[in-house]
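The following exercises concern a ligand site and one helix. Please work through each task before reading its solution.

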Amino acid sequence: MADAAIFDVAVIGGGVVGAAVARGLLGAGLSACILDEGDIAHRASRGNFALVWVQSKGLGMARYGAWTRASSDAWAAFAADLEAETGIDVAHRRPGGFNLCLSEQELETRRGALVRMHNQPGWIPYDWEVLDRAALAREFPDLGPEVVGGLFCPLDGHVNSLRLFRALHASFKAGGGAYRPEWPVTRIAPLSAGGFRIETPRGVVEAGKVVLAAGIANARLAPMVGLAAPVRPQRGQILVTEKAAPFLHYPIVTLRQTDEGSVMMGDSAEEAGLDERIGLGVLSVMAERAVRMFPRIAALNVVRTWAALRVMSQDGFPIYDQSEAAPGAFIATCHSGVTLAAAHGRLLAPMIARGALDADLAPFSARRFDVPQTA
Ligand SMILES: Cc1cc2nc3c(=O)[nH]c(=O)nc-3n(C[C@H](O)[C@H](O)[C@H](O)COP(=O)(O)OP(=O)(O)OC[C@H]3O[C@@H](n4cnc5c(N)ncnc54)[C@H](O)[C@@H]3O)c2cc1C
């Protein structure tokens with residue numbers, strides 16, 4: 001076998017998390033490679049809903065709310081940098097976002113959750129509001145008669161997620177990064193002199209640091225370097241319509257019109273293991289709710305449906321850690337990798353480059369799962 005290629009950092013996984021971190025590492029002046037699987041892979045980054053979403057993020061962990069908000073705030077500059085480097089406009093918009101409710105009970109449940117979230121100790125406040133039907137109708141002239149009210153947060157937005165994915169990889173390549181598809185990592189071995197030897201069926205890489213960003217595969221890889229990543233797949237299904245003239249000027253948590261005109265619907269969450277098949281039952285419920293919110297959607301043809309697997313931790317919050325047993329081995333995994341792409345590139349990557357996560361990322365350590373749960 002040829003000698004191992006040597007990098008400052010090897011990032012395992014070329015999804016939106018790995019690509020955002022790897023690009024940030026290049027920006028910090030390090031040499032980096034991304035070791036990835038091939039085209040056929042579980043890859044949430046290719047099948048997501050593309051929201052950059054803040055409202056509703058952080059009930060149970062105030063730090064997650066602040067981290068998400070920091071990413072939302074960094075997103076415009078992050079998108080501008082990507083466009084300047086690659087010429088790709090990822091269509092980031094932050095007009096604010098809505099959650100529309102089809103019953104008073106639904107509205108009260110969602111309002112109550114946000115009140116509890118904003119009342120948590122350590123919460124950094126930001127604006128949000130509850131809107132009645134009349135206020136919503138001023139923003140959405142096509143609103144369906146069953147919508148009773150909703151929630152609004154001015155920090156919410158969305159992007160073109162496939163273009164984001166392409167731009168991250170194009171930027172990484174343009175910055176001198178080495179992308180190795182079809183190099184699935186089978187073994188990571190800490191070296192006695194420091195650094196890591198990373199094995200794949202196609203060859204071996206050595207690196208001073210390693211970042212595990214392999215989505216649901218992190219669960220299997222993490223123990224190789226003394227880390228834990230209790231993440232599981234969670235299926236989400238999406239429908240996309242033919243293109244239509246712009247009528248939805250804000251993203252809604254379950255529904256959005258893309259920059260290219262198609263309407264996307266999707267907020268399902270199913271525990272289905274690695275099964276990525278769609279099901280008409282779930283799709284029809286999502287379509288029916290979308291039509292009740294905006295009856296004009298009934299006239300649009302659905303042109304594509306798919307399912308993809310979220311990367312879900314036990315409490316739904318991200319995991320960021322450095323290994324105590326093998327310093328230099330980091331993990332980054334989360335279920336909102338589009339929202340957090342700016343934070344991963346601009347905040348997390350410089351910490352990894354410096355060799356230590358900031359103390360205020362401690363709540364994200366997987367050590368939180370070691371604490372016995374009270375009944
Ligand atoms: C239906 C759906 C809707 C979503 N909507 C949103 C949304 O609106 N907003 C938002 O912020 N997020 C959303 N997400 C979540 C978002 O897509 C994920 O958080 C994000 O894609 C996770 O990225 P990742 O890079 O960690 O994992 P993935 O995209 O799953 O990528 C993992 C990568 O690791 C590689 N890999 C696996 N094993 C190995 C190995 N052994 N060696 C090398 N490489 C390996 C894979 O090939 C892949 O490239 C959604 C997800 C789904 C499924």
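**Exercise 1.** Which atom of the ligand is 3.1 Å from a polar backbone atom of Val 338?

*Solution.* The model examined here is a predicted one. A polar contact requires a pair of N or O atoms within 3.5 Å. At Val 338, the partner of the polar backbone atom is an oxygen atom of the ligand, at 3.1 Å. Taken alone, the ligand exposes 1000 Å², and the protein buries 96% of that area.

**Exercise 2.** Identify the other backbone contacts of the ligand, at Val 16 and Phe 49.

*Solution.* Begin with Val 16: a polar backbone atom of this residue is 3.3 Å from an oxygen atom of the ligand. Proceed to Phe 49, where a backbone N or O atom lies 3.0 Å from a nitrogen atom of the ligand.

**Exercise 3.** Describe the shell around the ligand.

*Solution.* The ligand is surrounded by 37 residues. The closest are Asp 36, Arg 43, Ser 45, Gly 337 and Thr 339. Next, assign elements: helix H1 (16–27), S12 and S15 each contribute at least two residues to the shell. The largest share, 3 residues, is that of S15.

**Exercise 4.** Determine where the buried residues of helix H7 lie on the helix and what they pack against.

*Solution.* Helix H7 spans residues 280–293. Its buried residues are Leu 283, Met 286, Ala 290 and Met 293. Viewed down the axis of H7, these residues fall within an arc of 90 degrees, so they line one face of the helix. Their packing partners are strands S4 (97–101), S12 (231–243), S13 (255–257), S14 (262–265) and S15 (302–313).

Terms used:
Residues are numbered from 1 along each chain as its sequence is written. This is a predicted model: local features need pLDDT of at least 70, side-chain atom pairs count only at pLDDT 80 or more; totals for chains, interfaces and linings use all residues. Side-chain values use heavy atoms; hydrogens and water are left out. Helices (H or I, at least four residues) and strands (E, at least two) are DSSP runs, numbered from the N terminus. The expected span of a helix is 1.5 Å times one less than its number of residues. Buried means under 20% relative accessible area, exposed over 50%, partly exposed in between (1.4 Å probe, protein chains only). The arc is that of the directions from the helix axis to the C-beta atoms. Contact means heavy atoms within 4.5 Å. A residue is near a molecule or strand if one of its heavy atoms lies within 4 Å of it. A polar contact is a pair of N or O atoms within 3.5 Å; within protein, one must be able to donate a hydrogen and the other to accept it, and residues adjacent in sequence count only if both atoms are side-chain atoms. Accessible areas come from the Shrake-Rupley method with a 1.4 Å probe; for residues, only the protein chains shown count as cover.
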